[in-house]
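Hi,

Here is the structure I promised to pass on. Have a look at it first, and my notes on what turned up follow below.

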Amino acid sequence: MRMFAVTAALVLAASAVSAQDRSPSTAGAEVYIISPKDGATVHNPVLVQFGLKGMGVAPAGTKYDNSGHHHLLIDTDPPADQSAPLPATDKIVHFGKGQTETTLNLTPGKHTLQLLLADLNHIPHSPPLLSKKITITVKGTQ
Ligand SMILES: [Cu+2]
């Protein structure tokens with residue numbers, strides 16, 4: 001019980017520090033999905049290409065000003081609390097090596113895709129750089 005309380009206090013302290021340390025985004029910077037196009041009908045594997053204007057892509061954990069790495073939100077909204085590091089789930093995919101595209105195999109039907117840039121610590125910038133959310137229809141493997 002005592003150990004748990006200490007751990008919880010450390011976690012709170014760590015998130016308080018990161019909230020103060022949010023990286024600023026560059027004015028006019030923009031993140032967007034190059035392909036597929038919004039409303040497109042596609043087949044697996046789906047090539048998703050990430051676009052970024054006004055800032056640079058850098059691998060996670062490396063400190064460069066005005067940079068970040070891409071996160072692809074699949075069938076989900078961005079987390080309400082964007083002052084915390086983004087979780088890594090099957091719906092929030094990190095591209096911590098600095099990748100600018102990926103291929104997905106999605107179940108047939110409609111899916112939404114959205115990009116969110118985040119800094120070296122996986123924390124979205126302030127203000128956050130979020131792409132438009134697109135909807136695609138997957139027809140399954142050809
Ligand atoms: Cu990340």
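Start with the metal: the copper ion is held by four histidines, with NE2 of His69, NE2 of His71, ND1 of His94 and ND1 of His122 as the donor atoms, at 2.0 to 2.1 Å. Keep in mind that this is a predicted model. What is the arrangement of the four donor atoms around the copper ion? It counts as irregular, because the angles they subtend run from 92 to 152°, and a tetrahedral site would need all angles between 85 and 135 degrees.

Along the chain, the donors are spaced as H-x1-H-x22-H-x27-H. One pair among them links distant parts of the chain: His71 sits in strand S5 (residues 67-74), while His122 lies in the loop between S8 and strand S9 (134-141), 51 residues away. Are these two buried or exposed? His71 is buried, because its relative accessibility is 0%. His122 comes out as partly exposed, at 25%, since buried means under 20%.

Next, a residue that touches two of those histidines. Ala118 belongs to strand S8 (residues 109-118). Leaving aside residues up to four places away in sequence, Ala118 is in contact with Gly68, His69, His71, Leu86, Ile123, Pro124 and His125. Two of the copper donors, His69 and His71, are therefore among the neighbours of Ala118. Ala118 is also buried, because its relative accessibility is 0%. From its C-alpha atom to that of Ser23 the separation is 8.6 Å, although the two residues are 95 apart along the chain.

Another spot to click on is Ser35, in strand S1 (residues 30-35). With a relative accessible area of 17%, Ser35 is buried. Its side chain makes a polar contact of 2.9 Å with the side chain of Gln49. Gln49 is also one of the residues that Ser35 touches, along with Leu47 and Val48, again not counting residues up to four places away in sequence.

Now the overall picture. The protein has one helix and nine strands, and the order along the sequence is α-β-β-β-β-β-β-β-β-β. Of its 142 residues, 37% are buried. Taking contacts between residues at least 6 apart in sequence, 70% join residues at least 24 apart. As for the surface, about 8000 Å² is exposed, and 58% of that comes from carbon and sulfur atoms.

Cheers

How values were computed: Residues numbered from 1 in each chain as written. Predicted model: local features only at pLDDT ≥ 70, side-chain atom pairs only at ≥ 80, totals over all residues. Heavy atoms only, no water. Helix = DSSP H or I, 4+ residues; strand = E, 2+ residues; numbered from the N terminus. Buried < 20%, exposed > 50% of the residue type's maximum accessible area, 1.4 Å probe, protein only. Contact = heavy atoms within 4.5 Å. Donors = N, O, S within 2.8 Å, 3.2 Å for Na, K, Ca; no water. Tetrahedral: all angles 85-135°; square planar, octahedral: opposite > 155°, others 65-115°. Polar contact = N/O pair within 3.5 Å; in protein donor to acceptor, adjacent residues only side chain to side chain. Areas by Shrake-Rupley, 256 points an atom, 1.4 Å probe, with all protein chains shown as cover.
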